[in-house]
Every structure is written in C-alpha cells, then in structure tokens.
Amino acid sequence: IARDVTECCKNGAAMVHLHVRDINGRLTPDLSLLEETVRYILAGSDIIIEISTGGVSKLTIEERCQPCYAPWVECTSLNVGSVNLGDAVYENPIRDVRYCVQQILENKKIPETELFEVGMANTLRELDGMFHFPKPMLIALVFGHPGEMPATPAGLKHMIDGLYDNFPREDVIWGYTEAHRTGWDMVKTALDMGAATLRIGFEDSDYLSPDCRVDHNAVLIAKAADIIKSKGMMPMTPAEARAMLGIPPLGR
C-alpha cells in the first residue's frame, strides 16, 4: 500500500484516503496496522493523510471515530446521512453524525463531507449552523452506487445546484467521486463544471479503460493527472492542497 501511495503522490495525488483495516482487510477500530502503513507512506512522500470514519460495517460510531484522535491524521471523511449502496444500507443516523462531527472538529481534523444525495447538502448546512465548520468546506459529491445519485451530467448538475442552494460558492470546495467508473467522460465533465478535486482509486474503480483493469492505483492517478493537464490545469502538490484547506505544513 505504501509503495503504491508513494507512486500516486509522484504522479500527482495530493491526498490519500484510507480505511482502518486489520490484516485480513476487515474494518476495525484498532489503528496499529494503519499507523505502521502511514509511517511507510510518510517516509516516501508528503501526501496528506485522510482516514475514513465510515464504511458499511457493524462498528459503533465511537469505534468509527478512532482516527479523529490520532496525531498523524490530517483529514477524515464525514458522512451526514444514510443511503442505499447496492444491496447494503449505509447507516448514518443523525445522532451518530452529530457525534462524529464533534469528534472531528474538536480534534482539529479537516472533514471531507461525502454527499450521496442532494438532501445531504441541507443536512450539512444545518450541521454547519450547529458546529461552525472551518471554511472553505471540503465536499465530495459521490455518484454511481446502485441506489444513489447516478453518474450523469444531469445528476451532477442537480447536486451542484443543491450544494450552492445551501452554501455561498466561496464557502465550499467540491470534488467528484464516481463508484464503478469504467471510463473518464464524467470525470472530464466534472472538471468542466468546476470540480476542484477528484477521488480516483480502488475504493471506487480499478478501470483504466472499459476493457482494462489495473492492479495498482498509481497508473490511475497518472491518467487523471493527464486529464487535468489537458484542461489547462495542474494537479496540486500536497503543500498547495494543505494551504488551500488550512492544514498546517507537514512537520509543524
């Protein structure tokens, strides 16, 4: 994992999104194996470390929030509502969401809020009124899971409109995530429509093209970086992304 992440950083990735897993790949509240992995990652790169507080599992919200307390975690994911993901139900009752927000913010982590449906933007606005998120807020618009918003231009526009109905444009930085992606058309569309971030990697898809799957993330990041450059932009470095998100420079 660390070798792949290091190569991803060299190819243009500014942040890595990881889950807390045990040696058999099961979600766990025990961060010891993840901490070892992160040590290897930071020995070879300066990439931003984001750890998930989610995942479909039987973990309690207290167990899911364990990454909030680790000093080497810079960002965490935040899920603000429940949604169907294929045959699974991703359960995030609002009481658990409020607890998670409190732990993230009290421990000075930067939340990346994942929105699967437009109503979650309304929920996030209500949470911001209660907890006062640091601005700009990092938002991941998520598409493509069976049972949630489809990965279509109309679906993306609907989500963007819902986001800006709830927040001033200067208060949010939004990005694009597509589960089960096989091509790159919607990634390009998202960049054209104003996406500031992309999440690309095995959690969502291992397809380089509709007829080619790959066995490491770095080649996918290289492809995404090429697309970004083709749009007249450049991938942010980790240092630039930390500055954008208000994260202290690495080592401070």
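Q: What makes the seven strands of this predicted model one open sheet, and in what order do they lie?
A: In this predicted model, the strands line up as β1-β2-β3-β6-β7-β8-β9, and the pairing is parallel. Two strands count as paired if there are at least two bridges between them. β2 (residues 48-51) and β3 have two bridges. β3 and β6 have five. β6 and β7 have four. β7 (residues 137-143) and β8 (residues 172-178) have seven. Each of these pairs therefore meets the cut-off of at least two bridges.

Q: Why are β1 and β9 called edge strands?
A: β1 (15-18) and β9 (197-199) each have a single partner strand, so one side of each has no neighbour in the sheet.

Q: What is the average turn between neighbouring strands of this sheet?
A: Neighbouring strands are turned by 30° against each other on average, with direction ignored.

Q: Which residues stand opposite each other in the paired strands around β7?
A: On the β8 side, valine 142 has threonine 177 as its bridge partner. Leucine 141 is bridged to tyrosine 176, also in β8. On the β6 side, glutamate 114 stands opposite alanine 140 of β7.

Q: Which residues are matched across β3?
A: Isoleucine 51 has threonine 76 of β3 as its bridge partner. Leucine 78 stands opposite threonine 113 in β6.

Q: What makes β7 a covered strand?
A: Buried means under 20% relative accessible area. Seven of the seven residues of β7 are buried. Met137, Ile139, Leu141 and Phe143 point one way, while Leu138, Ala140 and Val142 point the other way. In a regular strand the side chains alternate between the two faces of the sheet.

Q: Why is β3 described as largely enclosed?
A: Five of its five residues are buried, so the rest of the structure largely encloses β3. Both faces are covered. Cys75, Ser77 and Asn79 lie on one side, with Thr76 and Leu78 on the other.

Q: Which β-α-β units include β7, and what is their handedness?
A: One is made by β6, helix α5 (residues 119-131) and β7, and it is right-handed. Another is made by β7, helix α6 (residues 153-166) and β8, also right-handed.

Q: Where does helix α4 lie, and at what angle to β3 does it run?
A: Helix α4 (residues 94-106) lies across β3 (75-79) and β6 (110-115). The helix runs at about 165° to β3.

Q: Why is glutamate 106 called exposed rather than buried?
A: Exposed means over 50% relative accessible area. Glutamate 106 has 52% relative accessibility, so it counts as exposed. Glutamate 106 belongs to helix α4. C-alpha to C-alpha, glutamate 106 and glutamine 66 are 13 Å apart in space and 40 residues apart in sequence.

Q: Which residues have the most contacts inside the largest nonpolar core?
A: They are Trp72, Leu115, Ile139, Leu141 and Leu156, in a core of 66 residues. Helix α8 (residues 218-230) gives the most to this core, with six residues. A second, separate core has nine residues, including Ile48, Leu138, Ile173 and Leu245. In soluble globular proteins, nonpolar side chains tend to be buried together.

Q: What is leucine 115 in contact with, leaving aside its neighbours within four places in sequence?
A: Among the residues that leucine 115 contacts are Ile139, Ala140, Leu141 and Val142. Val80, Met120, Ala121, Met159 and Leu163 are also in contact with leucine 115.

Q: How do you know that cysteine 65 and cysteine 100 are not bonded?
A: A disulfide needs two cysteine sulfur atoms within 2.5 Å. The sulfur of cysteine 65 is 3.7 Å from that of cysteine 100, its closest cysteine sulfur, so this is too far for a bond. Cysteine 65 has 0% relative accessibility and therefore counts as buried.

Q: Why is cysteine 212 called partly exposed, and why is it without a bond?
A: Partly exposed is the range between under 20% (buried) and over 50% (exposed). Cysteine 212 has a relative accessible area of 27%, so it is partly exposed. The closest cysteine sulfur to that of cysteine 212 is in cysteine 8, 16 Å away, and this is too far for a bond.

Q: How many disulfides are found in the whole structure?
A: A search of the whole structure finds zero.

Notes:
Residues numbered from 1 in each chain as written. Predicted model: local features only at pLDDT ≥ 70, side-chain atom pairs only at ≥ 80, totals over all residues. Heavy atoms only, no water. Axes fitted to C-alpha atoms, helices over the stretch in contact; angles between N-to-C directions. Contact = heavy atoms within 4.5 Å. Buried < 20%, exposed > 50% of the residue type's maximum accessible area, 1.4 Å probe, protein only. Right-handed = clockwise from strand over helix to strand, strands pointing away. Core = buried A, V, L, I, M, F, W, Y, C linked by side-chain atoms within 4.5 Å.
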